[in-house]
Amino acid sequence: MKKRLIILIILFLSISIQSLEAKEYRWEKKLTFLGLLKRYHIPQKIYYNMDREDKELIQEIKSNQTYRVIKKHGRVKSITIPISDELMLKIKRTKKGFVADFVPISYKLIEKTISIRKKYGFKKDLHNATGSWYYGKELEAVYSKAIPFHKMRKGDRIIIFYTQKYKNNKAYSSPQIEACLIEVRGKPFYGFLFKDKYYDSTGKQYHRTFIYNKSGFIRPIRNIKRISSGFTQRRYHPILHRYRAHLGIDYAARYGTPIIASSSGRIVYRGWKGGYGRVIQIKHKNGVKTLYAHMSRFRKHLHVGSYVKQGKVIGYVGTSGRSTGPHLHFGLYKNGRAINPARYVKRRKVRKQIKLRGSNYKRLRKLVKHYRPQFAETKRKIIIKKESSRCLNCFKNLPKR
């Protein structure tokens, strides 16, 4: 009896598995999200019922990227569409009809290593070893041209420890350099990733002597002390209790703090905009538009069509809309697509060496000690893209994925 039951269960499971059909497709250049819904006979209210912020995320879908469709008995069961490296849109059939939600992408983090010696030029050597120009460009960014790459000699060592995200046994997104070494005439220059910046083993940050952004945009609040939330494609919303993108920068400031125009332009929107509360949008040159949200009030005599100069007050910090406290949400859009404002906002010239101190310095030293034996071992061999199932940064207590 038990044997027959087991056979029936196995038979049932095999039939169920066979009835499921999963396929990956390429997002065509002219395909729109509404066109996708029509193609798979999904009600278009899925899109029209979305919040404005979620509709903005839909615009982040890139042509030629893959999306996955699962069917059961020929009927669509679910569609998953990557929006960014961290977030995807999942459309799922339920008993009450189709529902859509943005969910985190689950992935496996793999450690990889590159260890070579200079022969022609560090960029060309890395390209010859990996078939990609990415690593050479990233190394330049790590050291911010603070070391004399042109003085490297033949035989100088290049070592890179990096992590790569994998989903369904396929690499996706750009690799991230976690630690590296460049030798210049035998002298080692180590780089360690700590809080999105690279430091040497003594805690000094690698940086350019001068940093300047030619865009001419300035911070929308003078003398800002703190950024409470940065630009990201994946953030857990504290009010909605779900994952959604944060397409801008939040500047923490006191209620009533003056907000200034980041650059000269003409106001194209002034009013209430859903979860953003009181909003002003300014159109600038070259298809750039800025958004200032959660205002307490607008400056008097400003209306749609008004021209405002850079640095002029346009409103005051508040907590209107969906907001957990007084702050300014500053968004920047290029040809209708959200981009990180930090890339555009003008920075001051760097005049002093930035060095970690206190608890941050202790955490960096822990990082250095972790990598020290790995550098010593790797220097003795040539390694190209060696894989390991062991996470390189486990001591950072990365969440399980």
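In the predicted model, serine 306 touches Gly265, Arg266, Ile267 and His301, when residues up to four places away in sequence are not counted. Serine 306 is placed in the loop between S18 and strand S19, the latter formed by residues 307–308. With a relative accessibility of 11%, serine 306 counts as buried, because the cut-off for burial is under 20% relative accessible area. A contrasting loop position is that of alanine 342, which lies between strand S22 (337–339) and H7. Alanine 342 has a relative accessible area of 30% and is therefore classed as partly exposed, the category that lies between the limits of 20% and 50%. In sequence, alanine 342 and leucine 332 are ten residues apart, while in space their C-alpha atoms are 9.3 Å apart.

Helix H7 itself comprises 21 residues, 358–378. From its first C-alpha to its last, H7 reaches 30 Å, which is close to the 30 Å expected at 1.5 Å a residue. The helix nevertheless bends by about 30° at tyrosine 371, and proline 373 follows within four residues of that position. Tyrosine 371 is also one of the buried residues of H7, a group that consists of Leu364, Leu367, Val368, Tyr371, Gln374, Phe375 and Thr378.

Among the strands, an open sheet of five members has the order S1-S2-S3-S4-S5, and its pairing is antiparallel. Strand S1 (20–26) and S5 form the edges, each of them pairing on one side only. From one strand to the next, the twist averages 20°. Within this sheet, S4 and S5 pair in the antiparallel sense over eight bridges, and isoleucine 91 stands opposite alanine 100 in S5.

The largest nonpolar core contains 31 residues, and those with the most contacts inside it are Phe33, Tyr67, Ile79, Ile81 and Leu89. At least two residues of this core are supplied by each of helix H2 (33–39), helix H3 (45–48), helix H4 (52–58), strand S2 (66–72), strand S3 (75–82), strand S4 (87–94), strand S5 (97–104) and strand S18 (288–298). The surroundings of isoleucine 81 can be described in detail: with its neighbours within four places in sequence left aside, this residue is in contact with Trp27, Phe33, Leu36, Ile61, Gln65, Tyr67, Met88 and Leu89. A second core, separate from the one just described, has 25 residues, including Ile267, Ile282, Val288 and Leu328. Ile267, a member of this second core, is also one of the residues touched by serine 306.

Two further hairpins involve strand S9. Strand S8 (residues 170–184) and strand S9 (residues 187–194) run antiparallel and are joined by six bridges, with phenylalanine 189 in S9 serving as the bridge partner of isoleucine 182. Two residues lie between the strands of this hairpin, and arginine 185 takes a positive phi near 55°. S9 is in turn joined to strand S10 (residues 197–199) by three bridges, again in an antiparallel arrangement, and phenylalanine 194 stands opposite lysine 197 in S10. The hairpin formed by S9 and S10 likewise has two residues between its strands, and lysine 195 in the turn has a positive phi of about 50°.

Notes: Residues are numbered from 1 along each chain as its sequence is written. This is a predicted model: local features need pLDDT of at least 70, side-chain atom pairs count only at pLDDT 80 or more; totals for chains, interfaces and linings use all residues. Side-chain values use heavy atoms; hydrogens and water are left out. Two strands pair if DSSP finds at least two bridges between them. The expected span of a helix is 1.5 Å times one less than its number of residues. The bend at a residue is the angle between axes fitted to the seven residues ending there and the seven starting there. Buried means under 20% relative accessible area, exposed over 50%, partly exposed in between (1.4 Å probe, protein chains only). A nonpolar core is a set of buried Ala, Val, Leu, Ile, Met, Phe, Trp, Tyr and Cys residues joined through side-chain atoms within 4.5 Å. Contact means heavy atoms within 4.5 Å. Axes are lines fitted to C-alpha atoms, for helices over the stretch in contact, and angles run from 0 to 180 degrees between N-to-C directions.
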